[in-house]
2 protein chains.
Amino acid sequence: MQLVATTDAVIEGVHFDLRRFSPEDVGWKALAVNLSDLAAAGARPRWFLCALGIPASSRVVQIAQRISRGMSSLARKSRCALIGGNVTSAAEWSVTITALGEARRPLSRAGARPGDALVVIGSLGDAAAGLRSYPSPVAARAQRRPVPRVREGLLVAPFASAAIDVSDGFLQDLGHICAESSVGAVVECSSLPLGKAARRLPDGMELALGGGEDYALLLAVPKRNLPRLSRKLRFAEVGRVVRGRGIQLTELGSPRPLPRRSGFDHLRK
Amino acid sequence: MQLVATTDAVIEGVHFDLRRFSPEDVGWKALAVNLSDLAAAGARPRWFLCALGIPASSRVVQIAQRISRGMSSLARKSRCALIGGNVTSAAEWSVTITALGEARRPLSRAGARPGDALVVIGSLGDAAAGLRSYPSPVAARAQRRPVPRVREGLLVAPFASAAIDVSDGFLQDLGHICAESSVGAVVECSSLPLGKAARRLPDGMELALGGGEDYALLLAVPKRNLPRLSRKLRFAEVGRVVRGRGIQLTELGSPRPLPRRSGFDHLRK
């Protein structure tokens, strides 16, 4: 087995807001985003370390306990053990987790080949819909309690050539696969698996393409593996990998322009 | 070999200030504090992951590059490879690193036995002296460019029963060994290895006892192993592990009261 390690942070004011997130949500999500990275590598979660940044406040101990409660409920479900951590004072709450897992043959963003099918496991757009004012319960839950697709990642790993989890937005994350595999992609928008909440919004497709935080899995899968994969689990085939560079969108076969913003960039406001 | 993992963060306004630290210093120190934890486990550094928090500022790219330059100079020296990371916007600069190492038999804070000698490798107090106004060059360097005692940790691991690195302050870190080993300790202050800068300050002893950030190694070593250890490297024998609880200080054999504050507590201002 090979060791797979990943690190990701959730930060108050950037990834969450304690008026909309309970501390339990924060703890859950901080671990979920890391387990989602392991899922995209086809790795089984084993251990994690947690670095907490804690602001000056009178309720810090209570909030920290509640963060840890949310984190441990997902850790137990995922059989992933906390093995270390750090606590420091900081200007805002932050939870930085490093997760360690094991995989026989870890998947990465590199490896997609022209002709591969693009496959999404899970749904898109609901987490972004959860950031709107008065989100539906489904959308709010997608934003606050994303479910890392660990089981699915383990199932698909033997069949896929490349994978990523949709954290920064479908187009941006697809762009990472294209860049690291030196390929292009064509995506048929009508095939994208919009979530229940996104489907009801007039701009649901934009949220699905660029919203991010869905923690669906996006995979490149050699065509010949699709039949066997479809016997294992449900997925949406959304496009294909092509020679060249860049992403082209189609809608019912006709070209559709790329949205101006393709996802969340932490260094651009 | 066993896998050893540790995580530690340095945060602007808490651990450093960009008026006193160069970005290169920040990168160096962020990795150094983690390698120091591996050193205390007697582990050989192998890999690390780095999560950056980046504030809104016009010079972020330049500063991030300089942080990475400082980090990579220590990474190269220590043969520790960056294998992953994360970047997020945040209110202040922060560098959270998780370091992974290998050890045949990792040391921990638990394992000290009554009768063991307490041993310090490295010097105490200079890093705290480096926080004063107009620090000497030695003190400034100890604060900004601590040297993780990786080689020493590997050398002493077979001889020690417990170990910790002095990050929060000698007394506080000794307290961690005592608590986790269910023992007490007696420390002879005149034997503490004060650093060059601390030695010249009237309160140098207080800095050595409670100042922190020296990244010296503090070990419990069975008495019978001391002769063999002294053939391997230089160390200061500063006291002994005793039955019971708590830490007693002596000065030339007479009791000396404990200082009111024994180190840095992140949740107490």
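Q: Quick one to start: is Arg151(B) buried or exposed?
A: Arg151(B) counts as exposed, with 54% relative accessibility. Keep in mind that this is a predicted model.

Q: And which residue does Arg151(B) meet in a salt bridge?
A: That would be Glu152(B), at 4.0 Å from N to O.

Q: Which other residue forms a salt bridge with Glu152(B)?
A: Arg149(B) does, and there the closest N and O atoms are 3.3 Å apart.

Q: OK, so how accessible are Glu152(B) and Arg149(B)?
A: Glu152(B) has a relative accessible area of 13%, and it counts as buried because the cut-off for that is under 20%. Arg149(B) comes out at 24%, so it is partly exposed.

Q: What about chain A: which residue does Arg149(A) pair with there?
A: Arg149(A) meets Glu152(A) in a salt bridge, side chain to side chain, at 3.3 Å from N to O. Arg149(A) is partly exposed at 24%, while Glu152(A) is buried at 13%.

Q: How many salt bridges are there over all chains?
A: The count comes to 28.

Q: And how many of those cross the interface of chain A and chain B?
A: Zero, going by the rule used here.

Q: Huh. What do the two chains have in polar contacts, then?
A: Between chain A and chain B there are five residue pairs in polar contact, with both residues at pLDDT 80 or more.

Q: Which elements of chain A give two or more residues to the side that touches chain B?
A: Four strands of chain A: E1 (2–11), E2 (44–54), E3 (81–89) and E4 (94–103).

Q: Which one gives the largest share?
A: E1(A), with seven residues on the side of chain A that touches chain B.

Q: What kinds of residues make up that side of chain A?
A: They divide into 16 nonpolar, ten polar and three charged.

Q: How many residues are in contact overall, counting each chain?
A: On chain A it's 29 residues, and they are in contact with 28 residues of chain B.

Q: And how much area do the two chains bury between them?
A: About 2,300 Å², and 68% of that is on carbon and sulfur atoms.

Definitions and conventions. Residues numbered from 1 in each chain as written. Chains lettered and ligands numbered in written order. Predicted model: local features only at pLDDT ≥ 70, side-chain atom pairs only at ≥ 80, totals over all residues. Heavy atoms only, no water. Contact = heavy atoms within 4.5 Å. Buried area = accessible area lost by both parts, 1.4 Å probe. Polar contact = N/O pair within 3.5 Å; in protein donor to acceptor, adjacent residues only side chain to side chain. Nonpolar A, V, L, I, M, F, W, Y, C, P; charged D, E, K, R; others polar. Buried < 20%, exposed > 50% of the residue type's maximum accessible area, 1.4 Å probe, protein only.
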